[in-house]
Amino acid sequence: MADPGVTSPSGTPLRSPSASLTLSFPFLRERSRVWEQGKEPPLPRDLPSPLPTKRNRTYSATVRATSGPAFKGVCKNFCRSQGHGFIRPSHGGEDIFVHISDIDGEYVPVEGDEVTYKVSRVPPKNLKVQAVDVKITHLNPGTKHETWSGQIISS
């Protein structure tokens with residue numbers, strides 16, 4: 001099957017392979033790291049969060065958020081094990097998402113705590129906002145509050 005007229009730069013004749021070649025994307029190849037036969041696809045809780053936390057927020061987004069006005073609201077709920085919660089704005093409107101990394105102070109917020117916060121847009125479309133620079137201004141009386149170190153304090 002060699003064509004005597006086609007040679008490589010070193011002068012050896014070039015031949016076409018006897019078996020046909022097939023091309024595939026690396027993520028479709030068996031035994032690749034991405035596709036393993038019999039392995040289930042990752043669950044949504046295993047995927048990285050698209051929400052920017054204090055650690056991975058860009059400098060410009062941080063500057064815009066901290067230079068904005070402060071708002072008041074009430075903690076609607078907060079789950080320390082999941083690392084997020086929601087704030088009900090005092091002026092009304094949609095509840096605002098808050099990430100655990102954006103809470104300043106020594107107490108874990110609980111339902112009914114009064115807070116002040118600033119807002120930051122959530123990429124990629126910047127249609128929704130999340131609370132940043134959250135500070136508890138007044139602890140909800142009659143509830144047990146926990147510090148970040150785990151001590152429980154009654155208010």
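In the hairpin of E2 and E3, six residues separate the strands, and Gly 92 takes a positive phi near 90°. The model is a predicted one. Strand E2 is a good place to start, with its two neighbours.

**Strand E2 and its partners**

E3 covers residues 96-99, runs antiparallel to E2 and is joined to E2 by four bridges. Within that pairing, Phe 86 has Phe 97 as its bridge partner in E3.

E2 also pairs with E1, residues 71-79, again in the antiparallel sense, here over six bridges. Gly 73 is bridged to Pro 89 of E2. E1 and E2 form a hairpin too, with four residues between them. Gly 83 sits in that turn and has a positive phi of about 85°.

Which side chains of E2 are buried? Gly 85, Ile 87 and Pro 89 point to one face and are buried. His 84, Phe 86 and Arg 88 point to the other face and are not buried. In a regular strand, side chains alternate between the two faces of the sheet. E2, residues 84-89, shows such alternation.

**An aromatic pair across E2 and E3**

The count of aromatic pairs comes to two. One involves Phe 86 and Phe 97: the ring centres are 5.9 Å apart and the planes stand at 75°, so the pair is edge-to-face. The cut-off for that class is an angle over 60 degrees. Phe 86 belongs to strand E2 and Phe 97 to strand E3, so the contact ties together parts that are 11 residues apart in sequence.

The two rings differ in burial. Phe 86 is partly exposed, with a relative accessible area of 32%. Phe 97 is buried, at 16%. Buried means under 20%, so Phe 97 falls in that class.

**Positive phi outside glycine**

Most residues other than glycine have a negative phi. Where do the exceptions listed here lie? Asn 126 lies in the loop between strand E5 (114-122) and strand E6 (128-138). Asp 133 is found in strand E6 itself.

| Residue | Phi | Relative accessible area | Location |
|---|---|---|---|
| Asn 126 | about 55° | 38% | loop between E5 and E6 |
| Asp 133 | near 55° | 23% | strand E6 |

Neither residue is a glycine. Asn 126 is partly exposed. Asp 133 also counts as partly exposed. The glycines with positive phi named above, Gly 83 and Gly 92, sit in the hairpins that E2 forms with E1 and with E3.

Technical notes:
Residues numbered from 1 in each chain as written. Predicted model: local features only at pLDDT ≥ 70, side-chain atom pairs only at ≥ 80, totals over all residues. Heavy atoms only, no water. Buried < 20%, exposed > 50% of the residue type's maximum accessible area, 1.4 Å probe, protein only. Pairing = 2+ DSSP bridges. Phe/Tyr/Trp six-rings, centres within 6.5 Å; stacked < 30°, edge-to-face > 60°.
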